[in-house]
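Here are a few friendly notes to read alongside the model, arranged as numbered points. They follow the strands first and then the contact between the chains.

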Amino acid sequence: MSAITRGEVAHLARLARLALEESELDHYAEQLDVILTSVARVSEVAADDIPPTSHPLPLVNVMREDVARPGLTREAALAAAPAVEDDRFRVPRILDGDDE
Amino acid sequence: MTEPMPYAEAVAEFEPVIGLEVHVELGTESKMFCSCPTAFGAEPNTQVCPVCLGLPGSMPVMNGAAIESIIRMGLALNCSVVDWCRMARKNYFYPDMPKDYQVSQYDEPICVDGYLDVTVTTDDGPRVFRVEIERVHMEEDTGKLTHAGGATGRIHGADYSLVDYNRAGIPLVEIVTRPVTGTGALAPEVARAYVTELRDIMRGLGVSDVKMEEGSLRCDANVSLNRPGDEWGTRSETKNVNSLRSVERAVRSEIERQAGVLAAGGRVVQETRHFHEDTGQTTPGRSKEQAEDYRYFPEPDLVPIAPDPAWVEQLRAALPEQPSVHRARLAEQWGIGDFEMATLVNAGVLGLVEETVAAGVAPDAARKWWAGELTRVANEREVEPGELGVTPADIGRVEELIATGSLNDKLARQVFEGIMAGEGSADEVVAARGLAVVSDDGALLAAIDEALAAQPDVAEKIKGGKVQAAGAIVGAVMKATRGQADAGKVRDLLLERLGVTE
């Protein structure tokens with residue numbers, strides 16, 4: 001059975017931009033382990049003849065017509081933005097000084 | 001930094017392997033997962049809604065026309081269309097996507113295993129290369145970033161960035177080749193020919209306006225080098241390649257750069273590089289996620305795509321003529337051979353010639369201007385012939401003026417020069433620059449008399465029956481009229497003046 005390490009949790013947390021405490025690393029390692037073990041048990045009984053379940057309902061090809069409709073006004077779109085400049089969303093510096 | 005190796009030496013010592021990733025923005029009315037309009041050049045953040053802004057609770061619904069387009073594209077590229085596939089989330093933190101993920105496809109692309117045959121001209125005649133296509137998949141475009149603060153407008157040194165999400169969510173199709181080997185020194189030409197052919201196919205399908213300058217066709221070029229017999233080398237990926245000409249230049253400059261690194265005993269780093277139009281060089285770029293770990297997973301908000309095989313066959317049957325077939329038909333209509341056709345294709349002027357012929361110009365004349373003078377000027381200015389500002393209608397008008405005797409070829413070139421300089425239409429340039437063949441006999445006779453008086457010995461020779469000496473006088477008259485006379489007419493008038501018959 002899988003055993004998630006603290007290092008793997010720390011890696012995932014970094015990818016998800018989550019700041020985890022040392023104690024939380026153990027906590028989530030344990031939880032993720034339970035999840036993966038449960039999924040593995042399902043995989044054991046799902047043989048090749050059972051297609052993966054994408055959704056609870058067996059739907060495919062849900063499409064809409066290609067018709068354009070107005071969305072939000074610019075004012076509404078930008079209303080909740082923390083910062084706006086020149087009618088654009090203003091975001092903080094993307095690369096740190098030493099980032100390459 | 002090591003010095004690049006001159007191209008001829010580089011391809012003598014190393015074998016290039018290239019791979020191309022082309023993104024085509026579809027020309028649908030609405031976005032991929034919402035109904036926002038897609039027009040290019042709208043005011044920032046005026047074509048957005050809760051779905052493409054990633055607002056909580058919003059749900060995507062697929063654009064059926066985009067799925068139809070990608071299937072037609074796959075079929076035109078000789079791909080198989082899968083019978084079932086899903087969209088996937090590609091997770092990354094970068095402000096070009098407000099959701100913090102891009103909906104794309106990962107291990108289940110909708111079209112797979114195709115190919116495209118492309119022709120390049122060589123000194124030994126046209127050569128065909130088969131470029132294998134690994135996958136054609138559906139995704140959504142990202143928003144547009146403008147970097148502010150700092151000197152260069154680049155992300156490096158920027159204090160902050162501004163985002164316009166109008167483009168975010170526009171349907172985008174990615175076409176990925178398998179590594180292309182065995183092209184040797186022709187690698188840059190093969191890359192360019194592939195993107196050109198791809199563009200022509202997409203244009204023929206009507207799925208995109210495929211304008212590289214507006215970003216609706218974008219190309220990333222992967223290049224690696226190895227010594228003959230060795231394993232493939234480490235590849236770099238060059239982005240920001242925004243014209244057909246740049247595709248060729250980017251591959252060439254990467255070959256020269258990598259050869260320089262390898263020859264100096266160095267190691268090529270696997271990285272993303274940026275191409276610069278002005279210098280023709282590449283520089284290292286940023287990587288979106290330092291460790292490329294996008295944690296793809298099936299998109300839970302969209303149901304799978306399962307194209308009905310009967311529908312796919314209908315789409316296949318309704319595909320337009322392939323560009324290669326189309327070209328063969330045009331070659332026959334215009335009475336030209338493979339070589340002439342390949343020349344037009346490689347100069348990037350085939351479509352322009354076709355439009356010009358459609359505007360009523362004789363095929364030979366249309367070819368002469370586009371593949372000759374206009375290609376020459378385009379190369380000199382380092383732009384595409386279509387960007388010169390000369391339209392098929394302009395050529396039509398100039399040809400009319402030539403046919404009526406108002407212009408000759410030399411003057412016509414000056415008319416095009418004026419059009420390219422923004423001086424207006426052909427007629428406006430003719431009027432403003434006073435360009436017209438001098439056909440007034442009086443003016444020509446005066447010039448002839450002057451030339452005869454200046455060269456009495458030549459006059460005597462002609463009178464004595466040496467008709468070939470007439471060239472010197474004709475030349476002097478042409479010079480005096482600044483080329484605005486019809487040389488044949490000058491010659492006739494001259495002989496008549498001297499009472500000599502041929």
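1. A good place to begin is β3 of chain A, which is joined by four bridges to strand β9 (residues 160-164) of chain B, the two running antiparallel. Strands here are DSSP runs of E, at least two residues long, and helices are runs of H or I of at least four, both numbered from the N terminus. Two strands pair if DSSP finds at least two bridges between them. Within this pairing, A:Pro92 has B:Tyr160 of β9(B) as its bridge partner.

2. Please keep in mind that this is a predicted model, where local features need pLDDT of at least 70, side-chain atom pairs count only at pLDDT 80 or more, and totals for chains, interfaces and linings use all residues. Residues are numbered from 1 along each chain as its sequence is written, with chains lettered from A and ligands numbered from 1 in the order in which they are written.

3. Between the chains, 32 residues of chain A are in contact with 41 residues of chain B (C-beta atoms, placed from the backbone, within 7 Å). On the chain A side, β1 (63-64), α3 (74-79) and β3 (88-92) each supply at least two residues. The most comes from β3(A), with five residues.

4. Inside chain B, strand β4 (residues 88-91) is joined antiparallel to strand β5 (residues 101-104) by four bridges, and B:Asn91 has B:Tyr101 as its bridge partner in β5(B). Two bridges also join β4(B) to strand β15 (residues 297-298), again antiparallel; there, B:Arg89 is partnered by B:Phe297.

Terms used. Contact = placed C-beta atoms within 7 Å.
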